[in-house]
Amino acid sequence: FFFQAEDGIRDAQESRGLGDVYKRQILSFVIIFAPVIGYFDQYKVIVKTQRLGSFSIDVCFILITANILRIIFWFGKRFDTNLLFQSVFMIMAQLVLLRECVKHADFAIYHREIVEKEDPAKKNRDKEGQIQTRVKKVLDKSHFWRWGNFRIYSDFLLIFTITFTVLATLFQKSTLMIEFIGTVSTTIEACLGLPQLISNYQTKNTKGLSVPLIISWFIGDSLKTVYFIVGGQPLQFILCGVFQLMVDTLILLQIKQYNKPEKTPLSTTKTCLLYTSDAADDLLCVDLGGRRIIKKK
């Protein structure tokens, strides 16, 4: 295909075409996997420290739900297939990260301790009506996305996916509904950094937050926004990218501000007392029953 059939000499124009193919393949790889790679470092930090630190579990909620809606949106209004595959791999990565977060989150550990202390009879009743119990927990607004069992998160995401899939199917001929789903998807995704930004501000601390992750956010959002503009992607995507860049910049400034090393106070000269029976200058000693205490600095 890339060679002339008559003499086997590579055509210059076709060579350029081959180069373009490689460039497109590299670009596709970057678009699909670059946003996902940064979360592996955060995953390693959580596994190593056995704590969430400053990482907000709401990030997982935003990315999973936004990408589920983006996939549904794709079936109603086709856009770049690379973004579709990006959503699939992002959901997979976030589910793995979420599972690890639930293991070590303080609220999850607290909930599990409560369950362990429950009356055995109540446990058996809950087990018999396990589905109903889990659905009740999903609908419990007071503990939303702060459940102690990963299966409850799975139940919520399943309900969420089925609900919007049914809506998109019923109103598949409605442009307004499809655009609504796309707008909700990008609006949720645009809020990706907000929980982290707010959490950092409230605690005045970024310990446990992966710096490579935030840097990957900034780089990825920069490339993504340029790609959206150049590729003529839907307006929702472009606005989402611009807003995310603003939030990423603020988080990087927080990391710089809150990670400043604490200033250690200058050491002060302390007076120590030494026992001695030798005579000493009265100005530098205290007589204590025939023994003298010399003050040394």
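This talk describes charged pairs, aromatic rings, two loop residues and one buried threonine in a predicted model.

Good morning. Please keep in mind throughout that the structure is a predicted model.

I shall begin with the charged side chains. Side chains of opposite charge can pair when their charged atoms come close. The structure before you holds six salt bridges, and I shall discuss some of them.

Consider E100 and K103. These two residues form a salt bridge in which the closest N and O atoms are 3.6 Å apart. Where do E100 and K103 lie with respect to each other? Both are in helix 3, which covers residues 81–104, and because they are three residues apart there, about one helical turn separates them. Their surroundings may also be described. E100 has a relative accessibility of 9%, so it counts as buried, the limit being 20%. K103, at 46% relative accessibility, counts as partly exposed.

Let us turn to K224, in helix 10. The side chain of K224 meets that of E189 in a salt bridge, with 3.3 Å from N to O. How many residues lie between one partner and the other along the chain, and which helices hold them? E189 belongs to helix 8, residues 175–190, while K224 belongs to helix 10, residues 211–230; they are 35 residues apart, and the pair links distant parts of the chain. Both E189 and K224 are buried.

K224 has a further partner, D221, and here the N to O distance is 3.2 Å. This second pair stays within helix 10, where K224 and D221 are three residues apart, about one turn of the helix. D221 is buried, as is K224. Through shared partners, salt bridges join R70, E189, D221 and K224 into one network.

R70 leads us to another kind of arrangement, that of a charge and a ring. The charged end of R70 sits over the ring of F237, at 5.6 Å from the ring centre. In a similar setting, the charged end of R78 sits over the ring of W74, and there the distance to the centre is 4.0 Å.

I now move to rings that pair with other rings. The count of aromatic pairs comes to 21. One of these is formed by F144 and W147, whose ring centres are 5.6 Å apart and whose planes make an angle of 80 degrees, an edge-to-face arrangement. Are the two partners buried or partly exposed? F144 is partly exposed, because its relative accessible area is 33%, whereas W147, with 3%, is buried.

Another pair is F160 with F164. Their ring centres lie 4.9 Å apart and their planes stand at 45 degrees, so this pair is tilted. Both residues are in helix 7, residues 150–170, and they are four residues apart, about one turn of the helix. F160 and F164 are both buried. The two pairs I have mentioned belong to a wider group: ring pairs link F61, F144, W145, W147, Y153, F156, F160 and F164 into a cluster.

With F61, F156 and F160 in mind, please look at T65, which has its place in helix 2. With a relative accessible area of 1%, T65 is buried. Which residues does T65 touch, if we leave aside those up to four places away in sequence? They are F156, L157, F160 and I188. As for I188, it is 123 residues away from T65 along the chain, and yet their C-alpha atoms are separated by 7.7 Å. The side chain of T65 also reaches two backbone oxygens: that of F61 at 2.7 Å and that of I62 at 3.3 Å.

Finally, I should like to draw your attention to the backbone in two loops. Q50 lies in the loop between helix 1, residues 12–49, and helix 2, residues 58–76. Its phi is near 60 degrees, a positive value in a residue other than glycine. Q50 is partly exposed, with a relative accessible area of 42%. K204 is found in the loop between helix 9, residues 194–203, and helix 10. Phi of K204 is near 55 degrees, again positive in a residue other than glycine. With a relative accessible area of 45%, K204 is partly exposed.

To close, I would ask you to find three things in the model: the network of R70, E189, D221 and K224, the ring cluster that includes F160, and T65 in helix 2. Thank you for your attention.

Methods:
Residues are numbered from 1 along each chain as its sequence is written. This is a predicted model: local features need pLDDT of at least 70, side-chain atom pairs count only at pLDDT 80 or more; totals for chains, interfaces and linings use all residues. Side-chain values use heavy atoms; hydrogens and water are left out. A salt bridge is a side-chain nitrogen of Lys or Arg within 4 Å of a carboxyl oxygen of Asp or Glu. Buried means under 20% relative accessible area, exposed over 50%, partly exposed in between (1.4 Å probe, protein chains only). Rings of Phe, Tyr and Trp (its six-membered ring) pair if their centres lie within 6.5 Å; planes under 30 degrees apart count as stacked, over 60 as edge-to-face and the rest as tilted. A charge sits over a ring if NZ of Lys or CZ of Arg is within 6 Å of the ring centre and within 35 degrees of the ring normal. Contact means heavy atoms within 4.5 Å. A polar contact is a pair of N or O atoms within 3.5 Å; within protein, one must be able to donate a hydrogen and the other to accept it, and residues adjacent in sequence count only if both atoms are side-chain atoms.
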